[in-house]
Amino acid sequence: VSFRTLTKKGSIIPVSYPYPGEPNPIVRIASVNFSSQISSISYLDTGADPNQYLPRVLWHQNAKQLFVMRLDRLQTVLETWLCPINEGPCSNVITERDPRFVNLLSEPALFPDGKKMLFLSERDGYSHIYQIGTDGTGLKSLTGGRWTVNKINLIDLELKKVVFTANAENELEQKLYRISLEGERELESIDMEEGTHDVLYSPNGSKYIDNHSALNRSPKTDIREADGKHLGVLAAHNMGSYRSS
């Protein structure tokens with residue numbers, strides 16, 4: 001069966017999909033070497049069972065390895081592997097299991113030295129931040145409580161803290177918070193307007209773009225210093241006035 005998808009330019013791209021009872025398409029991850037005149041393709045060893053999802057692929061800082069997230073078809077086991085881009089075995093970093101369902105959360109955040117990473121897990125019932133070595137050792141939790149972390153935004157090595165978006169104070173909002181990378185559980189709130197915030201940091205972490213909105217005001221996009229100081233408005237939207245007939 002093929003489903004047709006209409007693109008922005010108006011062209012139609014057929015998307016293959018199996019009939020009920022027929023085998024699913026097999027997905028593989030390949031790397032292409034452009035360093036020589038003849039390009040060579042290598043396929044990563046992602047396991048013997050081809051009936052799987054490969055939902056996330058991230059580069060390691062050394063550009064010689066990839067982090068590959070592998071999810072079984074029942075979506076009860078999510079594995080993160082570190083794989084060489086050329087031939088060679090992959091090594092398991094972390095495995096998430098749930099007999100009912102494992103949510104696919106935001107992608108891991110890697111430390112600059114490539115030896116550690118932060119990731120989100122719902123192993124205690126709520127989405128929280130955990131730290132682990134890329135060799136699979138040194139697992140520890142950084143956040144906890146009856147609230148959820150939505151996204152890891154920044155690893156601040158100067159302050160030895162991680163910045164993230166969460167609903168720690170109000171389950172209907174998403175705001176920025178900081179917490180220590182060294183295991184201290186004191187949560188620090190970054191001053192923000194009420195509402196839901198989607199934040200994008202600059203590469204050096206000195207500034208961020210804040211897309212935010214609330215039920216009682218229009219969406220707005222601001223640019224701010226890392227400490228929350230307002231630098232300017234990039235975009236503002238007027239919801240206009242409404243009246244009932």
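Arg-224 and Asp-210 are both buried (under 20% relative accessible area; over 50% is exposed, in between is partly exposed, with a 1.4 Å probe and protein chains only). Keep that pair in mind for the exercises.

A quick note before you start: this is a predicted model, where local features need pLDDT of at least 70 and side-chain atom pairs count only at pLDDT 80 or more, while totals for chains, interfaces and linings use all residues. Residues are numbered from 1 along each chain as its sequence is written, and side-chain values use heavy atoms, leaving out hydrogens and water.

**Exercise 1.** Work out what joins Arg-224 to Asp-210, and where each one sits.

*Solution.* Start with the side chains: they meet in a salt bridge, 3.9 Å from N to O (a side-chain nitrogen of Lys or Arg within 4 Å of a carboxyl oxygen of Asp or Glu). Next, find the strands (DSSP runs of E, at least two residues, numbered from the N terminus). Arg-224 is in strand S19 and Asp-210 in strand S18 (residues 207-214), so you've got a link between distant parts of the chain, 14 residues apart. Last step: look for shared partners. Salt bridges that share them join Glu-193, Asp-210, Arg-217, Lys-220, Asp-222 and Arg-224 into one network.

**Exercise 2.** Take Lys-220 and Glu-193 and say which parts of the chain their salt bridge ties together.

*Solution.* First, the distance: N to O is 3.8 Å. Then the places: Lys-220 lies in strand S19 (residues 217-225), but Glu-193 is in the loop between S16 and strand S17 (196-201), so parts 27 residues apart in sequence get tied together. Now check the exposure. Lys-220 is partly exposed at 24% relative accessibility, and Glu-193 is partly exposed at 30%.

**Exercise 3.** Do the job again for Glu-188 and Lys-161.

*Solution.* Their closest N and O atoms are 2.8 Å apart, and the pair forms a salt bridge. Glu-188 belongs to strand S16 (residues 188-189) and Lys-161 to strand S14 (residues 161-166), so this pair connects parts 27 residues apart in sequence. For exposure, Glu-188 has a relative accessible area of 27%, which makes it partly exposed. Lys-161 is partly exposed too, at 24%.

**Exercise 4.** Zoom out and describe the whole protein chain.

*Solution.* Count the secondary structure: zero helices (H or I runs of at least four residues) and 20 strands. Then the salt bridges: the structure holds eleven. Now the box: the C-alpha atoms fill roughly 55 × 55 × 45 Å along the principal axes. Finish with burial: 36% of the 245 residues are buried.
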